[in-house]
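The following paragraphs lead through the strands, the helices, the nonpolar cores and two single residues. Keep the sequence and the structure in view while reading.

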Amino acid sequence: MSRYTDASDEEYADRGDDRPGLDDLEPVVELLDDTLDPEDDEDDEDDYPEDATEDDIDLVVALYREDGQPVAVALALELANDLDELINQLRRIPGDGGAVGLVSIASEFFVIVRVRGKHVQVLLSDEMAAADWPIARDVADFLGSELPEDDEDAGPIGDLDILADVGLPDFEVEALCDTDDDSDALVERIARKLKFGTQYRKTVQVAFGL
């Protein structure tokens with residue numbers, strides 16, 4: 001037999017449900033909204049550079065050797081805005097010793113990416129470019145590099161010895177980064193140093209009109 005009488009049932013029913021309702025939770029919801037302010041995400045997005053356009057992108061080229069022979073291929077322009085995807089595409093190339101990606105933007109700076117299996121090396125010729133261009137920012141983020149406050153503190157960042165074992169020592173790479181020549185011309189000099197000159201020249205002429 002229940003220890004509650006019919007009268008007590010009616011009494012509890014009249015009291016209603018005194019648990020907190022949605023109205024009582026509104027201040028908590030408002031507090032959470034303040035904590036998870038969407039404007040914080042918007043600020044991060046506003047700080048990220050806009051994508052380079054087709055007119056901005058000088059070239060995106062991959063160099064590799066197949067059965068010992070040099071091969072140069074043009075890559076999709078959108079890879080000039082996405083370091084992660086560029087790395088993924090280079091990893092798919094069945095080169096003898098991996099692949100080297102070369103990117104030049106607006107004749108201002110270049111990026112070198114070398115992928116050998118899981119091993120990835122990157123170089124940005126001018127770290128100041130990270131303030132204005134997505135792939136340069138991607139490289140800085142990949143390296144965990146802070147943006148310099150002014151041009152005097154700027155320079156190349158990444159692995160200067162990225163191509164040292166294939167004919168281009170670190171001091172020559174650093175010298176190239178310090179010159180005032182257009183970055184697309186510097187990239188061609190790199191390709192020649194790596195013994196890809198003829199293949200590179202044909203590829204950029206056909207694909208990019210350079």
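A place to begin is Y64, whose bridge partner in β2 is V71. This pair belongs to the antiparallel pairing of β1 and β2, which runs over six bridges. The model is a predicted one, and the description below applies to that model.

The two strands are part of an open sheet of six strands, ordered β2-β1-β3-β4-β5-β6, with antiparallel pairing. Its edges are β2 and β6, the latter covering residues 157-158, and each of these edge strands pairs on one side only.

Next to β1 on its other side in that order comes β3. The pairing of β1 with β3 is antiparallel and has six bridges; within it, L63 has V100 of β3 as its bridge partner. On to β4, the pairing of β3 is again antiparallel, here over seven bridges, and A99 stands opposite V115 in β4. β3 and β4 make a hairpin with three residues between them. In that turn, A106 has a positive phi of about 50°.

How many of the residues of β3 are buried? Seven of the seven are, so the strand is largely enclosed by the rest of the structure. The side chains can be followed by direction: A99, G101, V103 and I105 point one way from β3, while V100, L102 and S104 point the other way. Residues of both sets are buried.

Two helices can now be placed against these strands. Helix α7, residues 183-193, packs on the sheet and touches β1, β3 and β4. The direction of α7 makes about 160° with that of β3. Helix α8, residues 197-208, lies across β1, β2 and β3 and runs at about 140° to β1.

The nonpolar side chains come next. In soluble globular proteins, such side chains tend to be buried together. The largest nonpolar core here has 31 residues, and L86, L90, F109 and V113 touch the most other members. At least two residues of this core come from each of β1, α4, β3, β4, β5 and α5. Apart from this core lies another one, of 24 residues, including V100, L102, L168 and I190.

V113 shows what one of these core residues meets. Beyond its neighbours within four places in sequence, V113 is in contact with L83, L86, I87, L90, A99, V100, G101, V120, Q121, V122 and I162.

R116, also in a strand, lies in β4. Is R116 buried or partly exposed? Its relative accessible area is 29%, so R116 counts as partly exposed. The C-alpha atom of R116 is separated by 4.3 Å from that of G98, although the two residues are 18 residues apart along the chain. Aside from neighbours within four places in sequence, R116 contacts G97, G98, Q121 and D165. With Q121, the side chain of R116 makes a polar contact of 2.7 Å.

The last residue to look at is N81, in the loop between β2 and α4. N81 counts as buried because its relative accessibility is 13%, and the cut-off for buried is under 20%. A polar atom of the N81 side chain lies 2.8 Å from the backbone nitrogen of A52. Not counting residues up to four places away in sequence, N81 touches D51, A52, I57, P134, I135 and D138.

Technical notes:
Residues are numbered from 1 along each chain as its sequence is written. This is a predicted model: local features need pLDDT of at least 70, side-chain atom pairs count only at pLDDT 80 or more; totals for chains, interfaces and linings use all residues. Side-chain values use heavy atoms; hydrogens and water are left out. Helices (H or I, at least four residues) and strands (E, at least two) are DSSP runs, numbered from the N terminus. Buried means under 20% relative accessible area, exposed over 50%, partly exposed in between (1.4 Å probe, protein chains only). A polar contact is a pair of N or O atoms within 3.5 Å; within protein, one must be able to donate a hydrogen and the other to accept it, and residues adjacent in sequence count only if both atoms are side-chain atoms. Contact means heavy atoms within 4.5 Å. A nonpolar core is a set of buried Ala, Val, Leu, Ile, Met, Phe, Trp, Tyr and Cys residues joined through side-chain atoms within 4.5 Å. Two strands pair if DSSP finds at least two bridges between them. Axes are lines fitted to C-alpha atoms, for helices over the stretch in contact, and angles run from 0 to 180 degrees between N-to-C directions.
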